[in-house]
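Me: Please look closely at one aspect of this model, the packing of its secondary structure elements. I would like a careful, connected account rather than a list.

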Amino acid sequence: GITRERVRQIEAEALEIIRKKAEKYQDVFNYILETIDSFGGVKEEKELLSYLGKDESAVSFFLFLTDGIERKAADKDFYYFWYKKGSLGRAKQEITKIIKFFKKKEKPIRIEEIKVGLDKKVVESYIGISKRIQKTPDGKVGLDNWIEVNPRGTKDKAYLLFKKMGTPLHFAQVASLIKNSPYAQIGGNRSHPTTVHNELIKDSRFVLVGRGIYALKEWGYERGEVKDVIFNLLKKKGPLPKDEIFEGVLEKRFVQKNTIYLNLQDKNKFLRDEKGRYCVRRVEEA
């Protein structure tokens, strides 16, 4: 029959009475203050409770009794954490600097590589309270909106694996690699070969370069059929002998030479000059 505000008042009054009775534990309170201070004045709640003792309920109770520290509620930017009074402003400024440092790096790195003029222990503490900075499965840290940190679905996981392997892969192999990778459980594991195949087809970052074999577009591979690859090659380099066409196309596609040769026979697209080289047929000649 009482309001929530009245409950909070009763709690505050009770804690004040207990603080007076707990003065004999001043050494404990000093230790808590020194510990938080050693972490740069802030520490994520779960990590702090685990660090201070095995009985988390007792530790939490002593934290509430300690003068000079406050508990910060979680929001869109931070997890629950405890901080020493007067330390919050500096912590937020340093976290902003760390985020800017990451933006310059543009890739996840190890904590030891973060150079912002702070002790590693303090950097870890600042990172621990921020939702903007997350750990990757391989122990590095980066910004939460990077795909290396939070891959958005199967297509991002596939992209990361292609980058890591550095070579074209069959979609079934990609599915297997995703299933056995540290990223498997992020956002759920939907690495069925058919799902992977469908995702790769739809995403412009990937190019089909053979029967079920994909590569990254950024590696220089082009979308389109073998005929399109031949056309673009000749348009770029001019007339070429058959062997050079084979060589150029095989850099872009995993196909048989006979397939390339058959596509060269399309007289609506290609013709041979007086030297026996193949070239693109001009529109007015078609």
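Reply: The axes used here are lines fitted to C-alpha atoms, for helices over the stretch in contact, and the angles run from 0 to 180 degrees between N-to-C directions. Two packed helices are described by the angle between their axes together with the distance between those axes. The model is a predicted one, and what follows should be read in that light.

With those terms in hand, helix 10, which spans residues 226–237, packs with helix 12, residues 257–264, at an angle of about 70°, the two axes being 9 Å apart. Angles from 65 to 115 degrees count as roughly perpendicular, and helix 10 and helix 12 are therefore roughly perpendicular to each other. On the side of helix 10 the contact is made by Val226, Lys227 and Ile230, which meet Thr259, Ile260, Asn263 and Leu264 of helix 12. By class, the residues of this contact comprise four nonpolar, two polar and one charged.

A second pair of helices can be described in the same terms. The axes of helix 2 and helix 4 come within 10 Å and cross at roughly 90°, so these two helices are likewise roughly perpendicular to each other. Here Val28, Phe29 and Ile32 of helix 2 meet Phe62, Leu63 and Leu65 of helix 4, and the contact has six nonpolar residues, with no polar and no charged ones.

Helix 4, residues 56–65, has Val59, Leu63 and Leu65 as its buried residues. Viewed down the axis of helix 4, these buried residues fall within an arc of 160°, so they line one face of the helix. The partners against which they pack are helix 1 (4–21), helix 2 (26–38), helix 3, strand 2 and strand 3. Leu63 and Leu65 thus appear both in the list of buried residues of helix 4 and in the contact with helix 2.

Helix 3 can be treated in a similar way, and its buried residues are Glu45, Leu48, Leu49 and Leu52. Seen down the axis of helix 3, they fall within an arc of 100°, so they too line one face of their helix. The face turned away from that buried side carries the exposed residues Lys46 and Ser50. The buried residues of helix 3 pack against helix 2, strand 1, helix 4, strand 2 and strand 3.

The strands named among those partners belong to an open sheet of three strands, arranged in the order 1-3-2 with antiparallel pairing. Strand 1 (42–44) and strand 2 (69–72) stand at the edges, each with a single partner strand, so one side of each is left without a neighbour in the sheet. From one strand to the next, the twist averages 20°. Strand 1 and strand 3, the latter covering residues 81–84, pair in the antiparallel sense over three bridges, and the bridge partner of lysine 43 in strand 3 is tryptophan 82. Helix 3, residues 45–52, packs on this sheet and touches strand 1, strand 2 and strand 3, its direction making about 95° with that of strand 1.

Further along the chain, three strands form another open sheet, in the order 6-8-7 and again with antiparallel pairing. Its edge strands are strand 6 (169–170) and strand 7 (206–208), each of which pairs on one side only. Strand 6 and strand 8, the latter at residues 213–216, pair in the antiparallel sense over two bridges, with histidine 170 standing opposite isoleucine 213 of strand 8. Helix 7 packs on this sheet, touching strand 6, strand 7 and strand 8, and its direction makes about 80° with that of strand 8.

Within helix 7, which runs over residues 153–165, lies aspartate 156. Its relative accessibility is 3%, and because buried means under 20%, aspartate 156 counts as buried. Leaving aside neighbours within four places in sequence, aspartate 156 is in contact with Ile147, Pro151 and Arg205.

Another aspartate, residue 243, has its place in helix 11, residues 242–250. Since exposed means over 50%, aspartate 243, at 56% relative accessibility, counts as exposed. The C-alpha atoms of aspartate 243 and tyrosine 261 are separated by 10.0 Å, the two residues being 18 apart along the chain. Tyrosine 261 falls within the range of helix 12, residues 257–264, which returns the account to the helix pair with which it began.

Terms used
Residues are numbered from 1 along each chain as its sequence is written. This is a predicted model: local features need pLDDT of at least 70, side-chain atom pairs count only at pLDDT 80 or more; totals for chains, interfaces and linings use all residues. Side-chain values use heavy atoms; hydrogens and water are left out. Helices (H or I, at least four residues) and strands (E, at least two) are DSSP runs, numbered from the N terminus. Angles under 35 degrees count as roughly parallel, over 145 as roughly antiparallel, 65 to 115 as roughly perpendicular and the rest as oblique. Contact means heavy atoms within 4.5 Å. Ala, Val, Leu, Ile, Met, Phe, Trp, Tyr, Cys and Pro count as nonpolar, Asp, Glu, Lys and Arg as charged, and the others, Gly among them, as polar. Two strands pair if DSSP finds at least two bridges between them. Buried means under 20% relative accessible area, exposed over 50%, partly exposed in between (1.4 Å probe, protein chains only). The arc is that of the directions from the helix axis to the C-beta atoms.
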